[in-house]
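This report examines how one chain of an assembly meets its neighbours, and then turns to selected local features.

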Amino acid sequence: MSSSTGSFPTQDQGFALSLMLFQVVCLIFFAIKFDIANSNNLDSETETEDLRLRDYYAMYMDVHVMIFVGFGFLMTFLRKYSFSAVSINFVVAVMSLQWGIIAVTMVRQIGDNEYSTKIIDVTTLINGDFAAGAVLITFGAVLGKITPTQLLWMTFFELIFYAINEYILIETLHVADPGGSMVIHAFGAFFGLAVSIMLGVPSEEEQVHNISQYNSDMFAMIGTLFLWMYWPSFNSAMVATADFQQERAVVNTVLSISASCASAFAATKVVSHTKKFDMVHVQNATLAGGVAMGTSCGFAFNPAIAITIGLIAGIVSVLGYRYVTPFLEEKIGLSDTCGILNLHGMPSIIGGVAGAIITASVSDSNYGSSLTEVYAARDWRGSGEQAWYQLLALVIAVAMGTVSGFIVGFYLKSPVIFRQQKLKYEDEEWFHVPENFQVTVTTPAFNYVEAK
Amino acid sequence: MSSSTGSFPTQDQGFALSLMLFQVVCLIFFAIKFDIANSNNLDSETETEDLRLRDYYAMYMDVHVMIFVGFGFLMTFLRKYSFSAVSINFVVAVMSLQWGIIAVTMVRQIGDNEYSTKIIDVTTLINGDFAAGAVLITFGAVLGKITPTQLLWMTFFELIFYAINEYILIETLHVADPGGSMVIHAFGAFFGLAVSIMLGVPSEEEQVHNISQYNSDMFAMIGTLFLWMYWPSFNSAMVATADFQQERAVVNTVLSISASCASAFAATKVVSHTKKFDMVHVQNATLAGGVAMGTSCGFAFNPAIAITIGLIAGIVSVLGYRYVTPFLEEKIGLSDTCGILNLHGMPSIIGGVAGAIITASVSDSNYGSSLTEVYAARDWRGSGEQAWYQLLALVIAVAMGTVSGFIVGFYLKSPVIFRQQKLKYEDEEWFHVPENFQVTVTTPAFNYVEAK
Amino acid sequence: MSSSTGSFPTQDQGFALSLMLFQVVCLIFFAIKFDIANSNNLDSETETEDLRLRDYYAMYMDVHVMIFVGFGFLMTFLRKYSFSAVSINFVVAVMSLQWGIIAVTMVRQIGDNEYSTKIIDVTTLINGDFAAGAVLITFGAVLGKITPTQLLWMTFFELIFYAINEYILIETLHVADPGGSMVIHAFGAFFGLAVSIMLGVPSEEEQVHNISQYNSDMFAMIGTLFLWMYWPSFNSAMVATADFQQERAVVNTVLSISASCASAFAATKVVSHTKKFDMVHVQNATLAGGVAMGTSCGFAFNPAIAITIGLIAGIVSVLGYRYVTPFLEEKIGLSDTCGILNLHGMPSIIGGVAGAIITASVSDSNYGSSLTEVYAARDWRGSGEQAWYQLLALVIAVAMGTVSGFIVGFYLKSPVIFRQQKLKYEDEEWFHVPENFQVTVTTPAFNYVEAK
């Protein structure tokens with residue numbers, strides 16, 4: 001649509017400046033505070049590479065695919081915003097994984113008051129992708145409504161709060177959350193919802209393209225399926241391998257996310273407007289069981305529990321898309337483009353609560369000598385006490401996400417600092433969009449209906 | 001197409017009921033008969049996780065991608081049935097992998113009369129995906145012709161027969177079939193063809209949308225390529241690692257499936273209607289070499305044999321699409337939407353026969369001490385005798401598939417039990433399909449041709 | 001477009017003949033010169049499979065995805081050539097990996113004058129995929145302009161020169177180039193540019209379809225992202241594991257290709273025609289940091305260096321697309337459909353030069369006992385001398401690629417030997433293209449623009 005080019009002749013060179021500034025900040029941190037393993041800074045006899053690369057690489061690549069193809073394509077469902085979804089996801093993820101590594105490392109060093117050069121290994125890279133996951137969840141709430149420049153600055157600030165929250169939960173409260181129900185999903189979702197409330201709801205006219213079409217829904221399914229398939233890698237990538245804990249994380253996640261797929265298909269058939277399958281539900285609610293298993297995936301319980309958690313998450317997610325999101329948009333001015341409340345917010349609460357209940361219920365004998373690898377603090381805490389800490393962590397993650405989201409959202413909304421997105425849910429403001437060429441043999445709609 | 005909504009106001013809430021019933025049955029079995037590894041039910045010293053997770057996980061994820069993205073997108077080629085293909089494949093696969101784990105485990109326990117709690121590990125999950133493979137092959141024959149509800153019930157019954165057939169072949173006849181030429185492909189294909197014969201051929205008018213368009217063919221290529229690339233993982237995932245057997249399974253499959261790609265491209269250019277490349281052949285026949293290597297992939301023979309098997313499979317598959325499928329549809333009323341006879345049926349027979357011939361031909365010295373890991377029964381059988389057992393297994397797989405397919409097809413066709421699909425090869429009956437929005441600069445077809 | 005069928009009634013059965021001839025030649029070589037591991041030809045005690053399969057398989061599959069989905073979909077961006085891009089990429093890759101294995105093995109045996117049966121293992125397969133990478137880079141320059149038959153013959157000859165070049169660089173000059181900046185990218189790119197110069201520039205009318213449309217750009221992003229994500233596997237697959245070298249290859253590639261994504265997004269926003277993001281740049285220039293890290297990925301340097309190299313590569317690549325390619329097309333008649341000069345040519349020179357500089361700069365103590373695993377020749381060469389050899393290798397790769405490309409291009413252009421492509425950048429000459437069916441609710445372009 002070259003027609004719209006004229007409207008923005010000198011638009012927003014702030015983007016390139018912001019991006020390069022951001023990248024240079026990352027470059028400086030990497031130059032000063034980080035290094036790569038070599039024979040001087042690591043002892044290859046005590047730290048074998050097998051424990052650093054072979055153990056994590058395949059799962060790392062799966063997580064990588066979830067971040068770039070999974071999130072990227074999941075958000076292409078809008079009919080005129082697919083270029084933006086996959087491309088902006090790309091560059092935001094790239095900055096997030098770099099800045100995420102830096103933020104998490106620096107907050108940890110400041111918190112521990114122990115400053116040393118950090119050697120980047122594959123687990124560091126996985127933590128970078130995890131941080132990107134939180135930012136991309138947030139992106140889902142504001143998709144189509146804010147500019148890439150705003151997103152870069154949001155990324156910068158969000159990850160600082162993300163790192164603080166992660167430090168509090170893991171290093172201070174010593175809770176278990178290997179797949180990030182609380183650290184990633186709850187924080188990222190409530191941060192995004194708070195940002196979105198600050199930005200307000202676009203007018204009905206502006207929302208004319210807040211809708212899918214056939215091919216954009218098909219592209220979104222690429223994202224859905226790669227997220228769905230690789231979720232077991234996401235939840236188990238950072239789980240200690242001792243005593244089958246990682247194997248459990250895989251099996252539990254497969255069962256839970258399978259169950260959420262089943263319950264989402266059943267629920268959408270019953271509650272959707274048309275009593276048919278709604279692709280929004282198929283694309284999103286099917287994944288809720290992965291989110292809900294992020295805390296407890298490594299715990300040792302009967303497989304029926306994982307399936308039950310997944311079933312509940314899938315149904316709750318569909319109900320959220322059908323009833324809660326429209327309700328909140330109307331009542332409290334919360335516009336949530338991808339429905340992250342339903343895919344990440346509510347399932348993460350289910351996941352956090354389930355994690356606490358399971359923590360209180362499972363016999364220690366199931367863990368044997370690996371008890372403190374599952375729960376770092378079980379040396380000095382009982383299982384009941386640990387369960388309360390798990391719940392406290394969930395509350396903190398939601399609160400931290402919400403409060404910091406409001407702060408960052410307030411900043412992003414400032415008309416002095418940022419030009420706001422003009423064309424909502426459309427590529428044209430930021431992308432050169434090629435003319436759509438077709439040799440079409442069109443059967444007009446009315447003829448087609450008649451013909452039946 | 002909201003126009004069609006009115007026609008089915010209260011349609012088929014049987015789907016949600018069937019699906020939840022199916023899921024609850026799975027839940028109960030998982031609760032009672034299965035468990036996940038923990039320090040009480042497994043001895044972590046004797047059963048190291050390395051032998052359970054690290055050895056299988058990467059290949060498991062590849063198989064997972066084949067099941068959900070491979071099969072799912074391969075079947076999106078129909079111009080108005082892409083939502084259905086990828087989504088119904090999704091939910092059917094999810095139920096298949098759960099019920100497949102249960103069916104295979106229970107049949108094995110009943111057969112061996114030895115009942116114990118089954119600990120789910122990654123190999124269990126791979127076997128679940130293998131079972132899903134058989135069901136999704138079957139789905140290809142009836143694509144666009146039966147309802148999701150019928151498919152759920154088909155899945156339930158097919159996997160019971162699948163598990164019985166698998167038990168007979170592997171545990172009773174002790175044949176080698178690690179990539180499932182017989183257990184998965186032959187059974188699944190002939191089951192599907194029998195079901196499809198029972199359902200009959202849609203009328204010419206009903207088949208108006210049994211055709212592809214440009215983008216649906218492109219989406220299907222995603223499926224083709226992921227199936228093609230990861231087929232070595234499928235064939236080698238469950239092969240014992242001793243004495244290079246698994247390495248052979250990888251190399252043989254790469255060579256065979258490469259050769260079938262080459263011969264399919266050559267054949268389609270020669271025999272297709274237009275003497276051009278036909279995307280149906282490119283999408284399907286290129287994969288025949290993977291199917292045909294499913295039995296013999298781990299055997300030790302000259303690489304030229306693998307290539308020859310692939311070459312034959314690719315050509316036979318193209319000839320099947322071009323000549324056999326239209327012939328059978330007209331003569332015996334066999335409608336085979338995806339041409340599974342050509343991609344799975346005939347190549348699986350090539351694979352089974354090739355497996356028998358190679359079994360009879362290869363010197364035992366090639367296997368050294370791993371002979372009984374390749375063939376469980378070679379302790380007491382000669383290679384010639386084993387070859388006859390391999391052939392017998394092929395006959396049984398085809399017969400079991402066909403007979404049980406007729407039974408299940410008869411049941412599915414019953415108008416008393418099931419409402420039949422009304423709109424053939426169209427999403428609208430089951431999916432809310434968004435309006436197709438475009439700003440198109442259309443060059444009318446006639447102008448375009450003139451312009452050349 | 002069946003309208004064009006009539007124009008080519010008896011077209012080019014040379015394709016099927018060429019392809020089968022090519023495949024039979026491969027078959028004969030595999031039969032005579034190659035074998036697969038078995039208990040007779042390998043000692044399973046000294047050569048454990050773990051060191052052959054487990055160490056390489058996951059990365060091999062990633063490389064496989066890059067070759068078939070990465071390159072295949074990256075080239076689907078043309079609006080009427082997507083079938084061709086993904087399908088011809090498929091068959092050319094399949095022949096390349098077979099013939100590449102043979103060519104590299106035979107040239108090495110001739111060069112070393114040591115003839116023995118080659119046992120195919122996973123590293124052999126990776127080398128086959130690497131060879132395919134070079135051919136597919138070349139394909140990018142001539143995309144839409146030459147026939148599949150010509151491509152097959154080009155593949156046959158290119159890989160002979162590729163193998164000779166690889167032998168000279170690695171076995172004679174003993175340079176380090178594990179990710180193939182020189183062996184794969186420089187050779188493949190300059191070979192392709194030379195072929196393309198020989199073929200000439202299509203007329204303006206012939207270039208009417210040398211342009212993308214919305215969905216073809218979306219499909220191309222699938223290719224971009226899988227290339228981007230798996231590039232760390234490409235660069236590290238063949239790196240020795242000792243002393244963290246492979247871990248460094250992963251980390252350096254992630255950092256470099258992240259930086260090139262960032263700088264490409266910044267640069268396209270500043271220099272593109274419309275001052276918006278240009279999908280050509282997003283699809284291609286984001287990858288330049290992977291190419292530029294192909295030589296030095298395993299070297300031991302500060303992570304800020306990898307980021308800097310990536311930043312430069314991304315910017316240079318965007319500037320190439322924006323200014324250099326149009327300039328060269330006009331001035332020297334170089335038509336470069338995918339801009340391989342910008343994605344592979346110039347970044348590979350950056351990579352080769354950076355490799356030489358880093359070679360001269362890094363202290364040997366960083367490598368410890370693994371120095372000769374990083375640089376095979378550092379037993380007898382100083383680091384400065386090695387740096388000059390690295391530069392020499394870059395010059396040779398560019399020269400070998402260019403000269404052999406001109407020779408093969410001259411041959412391909414011969415009207416006596418080859419029928420030339422008639423319909424440029426269009427599927428119809430070679431593919432049966434289905435009619436495009438749609439039920440479209442079209443908002444005419446002018447109305448839509450008015451409505452804003």
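In this predicted model, the contact between chain C and chain A takes 73 residues from chain C and 83 residues from chain A. Within chain C, the residues that lose the most area to chain A are Tyr214(C), Phe244(C) and Lys276(C), which together account for 12% of what that side buries. The area buried between chain C and chain A is about 7,000 Å², with 68% of it on carbon and sulfur atoms. The rule finds zero salt bridges across the interface of chain C and chain A, whereas 14 residue pairs, both at pLDDT 80 or more, are in polar contact there.

Several elements of chain C each supply at least two residues to the side that touches chain A: helix H2 (57–74), helix H7 (214–236), helix H8 (245–271), helix H9 (279–284), H11, strand E3 (436–438) and helix H15 (445–451). Of these, H8(C) gives the most, with 18 residues. By class, the side of chain C that touches chain A divides into 39 nonpolar, 21 polar and 13 charged residues.

The contact with chain B takes 83 residues from chain C and 73 residues from chain B. Here the buried area is about 7,100 Å², of which carbon and sulfur atoms give 68%. For the interface of chain C and chain B, the rule finds zero salt bridges and 14 residue pairs in polar contact, both at pLDDT 80 or more. Two or more residues of the side of chain C that touches chain B come from each of helix H1 (14–33), strand E1 (34–36), H2, helix H3 (82–112), H7, E3, strand E4 (441–442) and H15 of chain C. The largest share of that side, ten residues, comes from H3(C). Its residues comprise 46 nonpolar, 23 polar and 14 charged.

Two residues of chain C illustrate the local surroundings. Val251(C) lies in helix H8 of chain C and counts as buried because its relative accessibility is 0%, under the 20% cut-off. Leaving aside residues up to four places away in sequence, Val251(C) touches Ile36(A), Ile120(A), Asp121(A) and Leu125(A). The C-alpha atom of Val251(C) is separated by 17 Å from that of Val362(C), which is 111 residues apart along the chain.

Thr76(C) is found in the loop between H2 and H3 of chain C. With 0% relative accessibility, Thr76(C) also counts as buried. Apart from residues up to four places away in sequence, Thr76(C) touches Met218(B) as well as residues of chain C, including Ser82(C), Val86(C), Ser216(C) and Phe219(C). Polar contacts of its side chain appear in the table below, together with one at the start of H11(C).

| Side-chain group | Backbone partner | Distance |
|---|---|---|
| Thr76(C), side chain | Phe73(C), oxygen | 2.7 Å |
| Thr76(C), polar side-chain atom | Ala220(C), nitrogen | 3.4 Å |
| Asn302(C), side-chain oxygen | Ala304(C), nitrogen | within 2.7 Å |

Helix H11 of chain C spans residues 303–332 and bends by about 45° at Gly320(C). The residue that follows H11(C) is Gly333(C), whose phi is positive, near 70°. H11 is also among the elements that supply at least two residues of the side of chain C that touches chain A.

Key. Residues numbered from 1 in each chain as written. Chains lettered and ligands numbered in written order. Heavy atoms only, no water. Bend = angle between axes of the 7 residues up to and from the residue. Helix = DSSP H or I, 4+ residues; strand = E, 2+ residues; numbered from the N terminus. Polar contact = N/O pair within 3.5 Å; in protein donor to acceptor, adjacent residues only side chain to side chain. Contact = heavy atoms within 4.5 Å. Buried area = accessible area lost by both parts, 1.4 Å probe. Salt bridge = Lys/Arg side-chain N within 4 Å of Asp/Glu carboxyl O. Nonpolar A, V, L, I, M, F, W, Y, C, P; charged D, E, K, R; others polar. Buried < 20%, exposed > 50% of the residue type's maximum accessible area, 1.4 Å probe, protein only.
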